[in-house]
Amino acid sequence: MTSGTLNDVHRTNGTNGTNGSTSWKQISARKRQELLSSIPEEWLIPTEVLPADSEDDVTSWPDTCGWFTADELAITNSTATELIPRLVSGELSSEEVTRAFCKRAAAAHQLTNCLSETCFDRAIMTAKERDLHLAQTGKPCGPLHGLPVSLKDNFNLRGLDATVGFASHVGDAAKADSTLAQLLEKAGAVFYVKTNTPTAMMIAESVNNVFGRTVNPLNRKTTSGGSSGGESALLAMKGSPLGVGSDIGGSLRIPAACTGIFTLRPSSGRFPVRNTRSGMPGQEAVQSVNGPMARTLDDIAMYTETVVGGQPWLLDPRCLPIPWRDVKLPNKLKVAVMWHDNMVRPTPPVTRALGDVVSRLRAAGHHVVDWDPVDQREGLALLGRMFVADGGTAIRKQLERTGEPWRPEMEQYRIAKELSTYEMWNLQLERVDFQNRYLDRWNRAGIDAILCPTIPFNTVKNGSFKHVGYTGVYNVLDYSCLSFPTGLSVDKRVDRIQEPYQPLGSDCEAINADYDAETMHGLPISLQLVARRLEEEKVLAMGALILDVLRT
């Protein structure tokens with residue numbers, strides 16, 4: 001949704017009520033109106049400085065529009081690890097930092113449709129409490145003292161909805177904060193916005209029937225990914241210094257790659273999931289996890305150490321009692337590179353970035369070998385079968401409550417047939433066998449990590465995302481994964497499809513046929529680094545090493 005369509009929403013007359021007698025269209029229109037009305041008038045972009053709908057890249061607009069003050073820009077252009085020492089010392093007040101990010105987040109929403117909820121009053125009140133505590137005690141409230149943190153829509157915050165894209169959840173305000181939110185607030189965080197997701201968080205683009213589509217601020221013709229695409233758009237617009245999303249098939253890594261930011265997909269059990277809303281509650285064959293999204297790897301590492309340091313296993317019985325561990329990497333890594341996954345060949349810019357990183361690793365003395373993608377197709381098939389094992393019933397029941405239609409992206413759930421309990425048990429046995437065989441092959445290869453695409457492209461035009469194979473297989477395996485920007489961007493002069501091109505299948509052919517070097521020119525290219533299960537500390541350390549190699 002661009003600024004023009006958001007202004008159209010501003011003129012929509014809402015209706016009261018969210019029960020089954022009220023249509024999903026009325027419910028959604030009212031919810032969009034409430035969201036827009038929650039933005040104070042002083043944070044609504046003046047018409048005279050509003051970028052045109054035809055302006056695709058709006059990431060530089062805040063610095064050039066003249067609407068933000070120099071102080072607001074200095075604050076919001078800073079990273080989380082840059083801000084925290086200044087907040088702890090009192091050089092910056094939490095209130096001024098929070099107000100700056102509230103304004104920039106409000107602007108980001110008007111340009112990309114990235115938010116689902118705001119709690120600006122709570123944020124300002126919390127920020128003032130942080131400042132008072134520091135003034136009275138001389139001590140910070142915690143390692144995140146006074147830092148604004150954005151949350152994906154599925155994290156419950158008291159008094160706010162967690163619709164996860166369903167009209168049926170509008171008006172069902174949370175009665176308490178999620179466990180992760182409680183842990184972060186105890187560490188000093190300040191909550192101010194929640195961000196948009198696709199319906200049930202099960203589409204690789206952030207689009208739903210309630211709020212509409214979130215677009216990529218780097219090019220609004222392209223997607224910011226899903227399901228944490230509201231977070232990625234907000235972070236790319238620097239409307240947040242640090243965000244939290246979730247991942248069940250790539251929902252952290254896909255949006256991070258689409259917008260050129262960092263994210264960590266942890267293994268289940270490292271971060272708390274208690275009291276968060278699921279799009280398919282009770283589905284546990286593939287565990288949903290949450291993790292940080294940020295513009296720097298230092299911010300990701302700082303968040304991870306903070307959450308683990310909060311001993312989440314004392315708050316959530318699903319968390320494992322694993323304290324933060326120092327990692328000593330070998331002098332030379334052994335990295336397996338997966339050039340393609342046997343299903344979809346990456347588009348030219350991704351292939352070029354992969355080759356560049358491999359060359360630099362080898363030049364630095366690291367051992368790089370090829371990884372045979374023989375198992376990837378089976379892993380993706382397992383993921384798809386587990387996602388629809390209930391015959392789409394969990395999603396269907398929510399849609400039926402308001403008459404909300406199925407989105408076309410969810411056709412596989414609409415037509416799915418429910419498995420019997422016995423069939424489900426056997427499917428889970430197949431999953432365990434797959435996990436065993438993959439681990440055995442990894443250990444025989446003696447590798448530290450797999451380097452591969454995050455997605456088979458840098459991003460795609462809105463509405464055309466296909467193939468989650470590069471991310472989803474590692475959800476089945478529950479491996480620790482880092483998506484990172486390579487520092488390279490698409491070059492239309494270089495990144496062209498080479499003839500003869502041999503597709504690996506229909507999706508491969510369609511994805512590479514849709515690749516448009518002109519549209520993608522200048523956009524960032526990301527890759528994925530994969531470690532074994534529960535190796536979060538190691539994958540972060542290896543990521544830092546690779547970034548050092550890329551800087552030399």
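In this predicted model, the side chains of threonine 118 and serine 38 are joined by a polar contact of 2.7 Å. Threonine 118 belongs to strand E1, which runs over residues 115-118. With a relative accessibility of 12%, threonine 118 falls under the 20% limit and so counts as buried. Setting aside residues up to four places away in sequence, threonine 118 touches Ser38 along with Leu35, Leu160, Tyr192 and Val193.

Next come the pockets. The largest pocket has a volume of about 780 Å³. Its lining is made up of 34 residues, and Ala204, Gln412, Lys466, His467 and Val468 are the ones that lie nearest the centre. Helix H13 (376-387), helix H15 (411-414) and helix H18 (506-514) are the elements that give two or more residues to this lining. H13 has the largest share, with six residues. Sorted by class, the lining of the largest pocket holds 18 nonpolar, eleven polar and five charged residues.

The second largest pocket takes up about 470 Å³ of space. A set of 29 residues lines this pocket, with Val273, Thr276, Arg277, Ser278 and Ser288 closest to its centre. Strand E8 (243-247) and strand E10 (289-294) each put at least two residues into the lining of the second largest pocket. Here the split is nine nonpolar, 13 polar and seven charged residues.

What about annotated positions? In the unreviewed UniProt entry, the annotation "binding site" covers Met201, Ser227, Ile248, Gly249, Gly250 and Ser251. These residues span 51 residues in sequence, but no two of their C-alpha atoms are more than 10.7 Å apart, so they gather at one spot. From this set, Met201, Ile248, Gly249, Gly250 and Ser251 are part of the lining of the largest pocket.

Two of the annotated residues can be followed a little further. Serine 227 sits in the loop between strand E7 (219-223) and helix H9 (229-236). Its relative accessible area is just 1%, so serine 227 is buried. Leaving out neighbours within four places in sequence, serine 227 is in contact with a string of residues, among them Lys152, Asn196, Thr197 and Pro198. Met201 and Ser251, which share the "binding site" annotation with Ser227, are also among the contacts of serine 227.

Glycine 249, for its part, is placed in the loop between E8 and helix H10 (253-259). Glycine 249 is buried too, because its relative accessibility is 10%. Apart from residues up to four places away in sequence, glycine 249 touches Ile254, Phe387, Val468, Thr471, Gly472 and Asn475. One of these, Val468, is also listed with the residues nearest the centre of the largest pocket.

Methods:
Residues numbered from 1 in each chain as written. Predicted model: local features only at pLDDT ≥ 70, side-chain atom pairs only at ≥ 80, totals over all residues. Heavy atoms only, no water. Helix = DSSP H or I, 4+ residues; strand = E, 2+ residues; numbered from the N terminus. Buried < 20%, exposed > 50% of the residue type's maximum accessible area, 1.4 Å probe, protein only. Polar contact = N/O pair within 3.5 Å; in protein donor to acceptor, adjacent residues only side chain to side chain. Contact = heavy atoms within 4.5 Å. 1 Å grid on protein atoms, 1.4 Å probe; cavity = no way out; pocket = protein on both sides within 12 Å on 5 of 7 lines; lining within 4 Å. Points joined across faces, edges and corners; volume = space filled by probe spheres on them. Nonpolar A, V, L, I, M, F, W, Y, C, P; charged D, E, K, R; others polar. UniProt positions renumbered as here; feature names shortened; annotations may be inferred.
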